Amino acid sequence: MNSDSEVLTYPNWVFTMFAFFGFLLSIIPLPWHLEAWNTGTCLFMIWTGLACLNQFINSIIWTGNVINWAPVWCDISTRFMIGSAVAIPAASLCINRRLYYIATANAVTITKSERRRAVLVDLGIGIGIPVLEMVLQYIDQGHRFNIFEDIGCYPFTYNTWVAYVVDVTWPLAIGCVSAVYCILSIRSFNKRRAQFKELLSANNNLNSNRYFRLMCLAATEVLCTIPLSCWSIYLNVTSEPIQPWKGWDDTHSDFSRVGQYPSVIWHLNQGTAISLETSRWFVVFCSLVFFAYFGFADEARKNYRAAIDSVAKRVGLSTGGSFGSSLWSSTG
């Protein structure tokens, strides 16, 4: 493109490939995090992985077309997009809350009831809030959904003041709360360095290395969520006038309509194009950041080696020596 609305274009298969890799990178470490009952981390992986899978499917079905092939799928897909936009910051909030309570704990030991209560609270934040958001967005959902060529199904929210209450500002609010917990965790850690190792020893599934990687993951997510949320609100406010709220009947008067926009059309508006591309690439970025922090950790390498050994035994190979440095020899 060659105008002041120029937006970087690329073959759609590039995103499709990265979205699939994002799904794999998010799901691969899930089993051993589930065993450790790291609720916030597991929620982050599940929501990010499913968001990547959702975008992967959409990018395949609607490459080069805007035909409404699967309306029921689009209903599910767009509702999931609304939830995941809140769920990923909410999972980060769960992680930051856990790190804060570890850093400020007075007792070294944690009872089973306290652990169970912490898990339930995390589930309430990481699942309950996104589900509530999926429901509330319907209040200001002007029509069923949009289809953008190469991108696929996309939710539509009528630009009224109600939208900012029930939908648009939620990621920013959650990100700000998460940032407060993150800052308090760092502050508490600096004050209680001597007691820190003793507190971590009470958490069998958390050592200092993993603690700092969790803190880096949550901090990175917060540093991305807050600016992106502010920018998203700015785009919503400036791209078109905020319409007055005229009631439920007016908002849903043409609800069954499906907007269909070829690539050449939605690329004409620079704000729309950047917003669409940013929203779908953000989940891929989250998966890459997670894998960068946890995909090469000691427990990850140990599990990779266990998986390789298991596969090797099934096909009749032996894997002697250290991980990544040994030559396989045939045993059969």
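In this predicted model, the second largest cavity is lined by F44, L217, T220, E221, C224, F282, F285, C286 and V289. Two helices, α9 (208-239) and α12 (270-294), each put two or more residues into that lining. The space inside comes to about 40 Å³. As for chemistry, the wall is made up of seven nonpolar residues, one polar and one charged.

That cavity has a companion: the count comes to two cavities of 30 Å³ or more. The largest cavity holds about 60 Å³ of space, and its walls are built from N38, T39, G40, T41, C94, I95, R98, L99, D122 and L214. Here the split is four nonpolar, four polar and two charged residues. Helices α3 (39-61) and α4 (71-104) each chip in at least two residues, with α4 giving the most, at four.

Helix α4 turns up again at the sheet. It lies across β1 and β2, and runs at about 55° to β2. The sheet itself is open and has three strands in the order β2-β1-β3, with mixed pairing. Because β2 (152-154) and β3 (258-261) sit at the edges with a single partner strand each, one side of each goes without a neighbour in the sheet. From one strand to the next, the twist averages 25°. Looking at one pairing in more detail, β1 (residues 145-148) and β2 run antiparallel and are joined over three bridges. On the β2 side, Y154 is the bridge partner of N146.

How far can the model be trusted along the chain? The mean pLDDT is 83, and 81% of the residues reach 70 or more. Residues 1-5 fall below 50, and beyond near neighbours in sequence this stretch makes seven contacts in the model. Residues 321-332 also have pLDDT below 50, with 20 contacts in the model beyond near neighbours in sequence. Where pLDDT is low, the predicted coordinates are not to be read in detail. For anyone browsing the structure, then, the contacts listed for residues 1-5 and for residues 321-332 come with that caveat.

Notes: Residues numbered from 1 in each chain as written. Predicted model: local features only at pLDDT ≥ 70, side-chain atom pairs only at ≥ 80, totals over all residues. Heavy atoms only, no water. pLDDT = per-residue confidence, 0-100. Contact = heavy atoms within 4.5 Å. 1 Å grid on protein atoms, 1.4 Å probe; cavity = no way out; pocket = protein on both sides within 12 Å on 5 of 7 lines; lining within 4 Å. Points joined across faces, edges and corners; volume = space filled by probe spheres on them. Nonpolar A, V, L, I, M, F, W, Y, C, P; charged D, E, K, R; others polar. Pairing = 2+ DSSP bridges. Axes fitted to C-alpha atoms, helices over the stretch in contact; angles between N-to-C directions.
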